[in-house]
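User: Could you take a close look at how the helices pack in this one, and at any enclosed space you come across along the way? I'd like one connected walk-through rather than a list.

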Amino acid sequence: TYFYRRIFDISGYFENKIDVFQKDKKKSLQSSMGAVSQLASYLEAILKKETLTIGDLTTVLYMSLWGNKADLSLKPSGVDSSELVFKFEDGKNNILIDHIQQIWDYINTLKGVNVDIVVDNAGIDVVSDLCIGTILIHFGYASSVTFHVKQDPLFVSDVTMEDFQYTLKELKSD
């Protein structure tokens, strides 16, 4: 935390709000478009169903969880994020404690509620969160979803409003 805070201090971020990692965050989203496409296809298939299954929810939550593999602080810039294409068994085998059943049970108690999602990382992580929000609204668990981003980044890939809006713009154009 201290290291990144010093980078933002030295770059003058807090005076001019220019994110020195913006270019890397945009590049990360662009390099993960293969995984974004896979996620979009899966979401499209889910939305054609009359009801959400625990299997579908599990897969989407695992995709979201493993979207953190795209965190820029965990990989060097320029790494092709196409390796992030989701493999269900890989995700399942790397979870220490799986609370999917409890999540499923809880979600099934919801009906038209307002849901808040705190978005962590720029790039495919934002896309995963958008998919979760879409599913919650589509199947009636939520009537609205509010996405919360960081006012100021603390780490290299923290999503700000500018990153969130850039992701939406890229998804619309693709």
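Here is a walk along the helix packing, ending at the cavity.

Analyst: Sure. Keep in mind that this is a predicted model. Let's start with helix 4, residues 33-47, and helix 5, residues 54-66, whose axes lie 11 Å apart at an angle of about 155°. Anything over 145 degrees counts as roughly antiparallel, so helix 4 and helix 5 are roughly antiparallel to each other. Their crossing is left-handed. On the helix 4 side the contact uses Leu39, Tyr42 and Ile46, and these meet Gly55, Asp56, Thr59, Val60 and Met63 of helix 5. Sorted by class, this contact of helix 4 with helix 5 has five nonpolar residues, two polar ones and one charged.

Helix 5 also packs on helix 8, which covers residues 124-138. The angle is again about 155°, with the axes of helix 5 and helix 8 being 8 Å apart. That makes this pair roughly antiparallel too. The crossing of helix 5 and helix 8 is left-handed. Helix 5 brings Val60, Leu61, Met63 and Ser64 to the contact, while helix 8 brings Asp125, Ser128, Asp129, Ile132 and Ile135. By class, you get five nonpolar, two polar and two charged residues where helix 5 touches helix 8. Two names should ring a bell: Val60 and Met63 of helix 5 meet helix 4, and Val60 and Met63 also take part in the contact with helix 8.

From helix 8 we can step on to helix 9, and here the geometry is another story. Helix 8 and helix 9 have axes 10 Å apart and pack at an angle of about 75°, so the two are roughly perpendicular to each other. Val126, Val127 and Leu130 are what helix 8 puts in, and they meet Phe164, Thr167, Leu168 and Leu171 of helix 9. This contact of helix 8 with helix 9 splits into six nonpolar residues and one polar, with no charged residue.

Helix 9 leads us to the enclosed space. The structure has one cavity of 30 Å³ or more, and the volume of the largest cavity is about 40 Å³. Which residues line the largest cavity? They are Gln22, Lys25, Lys26, Leu29, Ala122, Gly123, Asp163, Tyr166 and Thr167. Helix 3 (22-31) and helix 9 (161-173) each give at least two residues to that lining, and helix 3 has the largest share, with four. The lining divides evenly by class: three nonpolar, three polar and three charged residues.

One residue ties the last two stops together. Thr167 is part of the cavity lining, and Thr167 is also among the helix 9 residues that meet helix 8. So if you're clicking through the model, Thr167 is a handy place to go from the contact of helix 8 with helix 9 to the lining of the largest cavity.

Definitions and conventions: Residues are numbered from 1 along each chain as its sequence is written. This is a predicted model: local features need pLDDT of at least 70, side-chain atom pairs count only at pLDDT 80 or more; totals for chains, interfaces and linings use all residues. Side-chain values use heavy atoms; hydrogens and water are left out. On a 1 Å grid over the protein atoms alone, a cavity is a set of points where a 1.4 Å probe fits but cannot get out, and a pocket is an open set with protein on both sides within 12 Å along at least five of seven lines; lining residues have an atom within 4 Å of a point. Grid points are joined across faces, edges and corners, and a volume is the space filled by probe spheres set on the points. Ala, Val, Leu, Ile, Met, Phe, Trp, Tyr, Cys and Pro count as nonpolar, Asp, Glu, Lys and Arg as charged, and the others, Gly among them, as polar. Axes are lines fitted to C-alpha atoms, for helices over the stretch in contact, and angles run from 0 to 180 degrees between N-to-C directions. Angles under 35 degrees count as roughly parallel, over 145 as roughly antiparallel, 65 to 115 as roughly perpendicular and the rest as oblique. A crossing is left-handed if the near helix is turned anticlockwise from the far one by less than a right angle, and right-handed if clockwise. Contact means heavy atoms within 4.5 Å.
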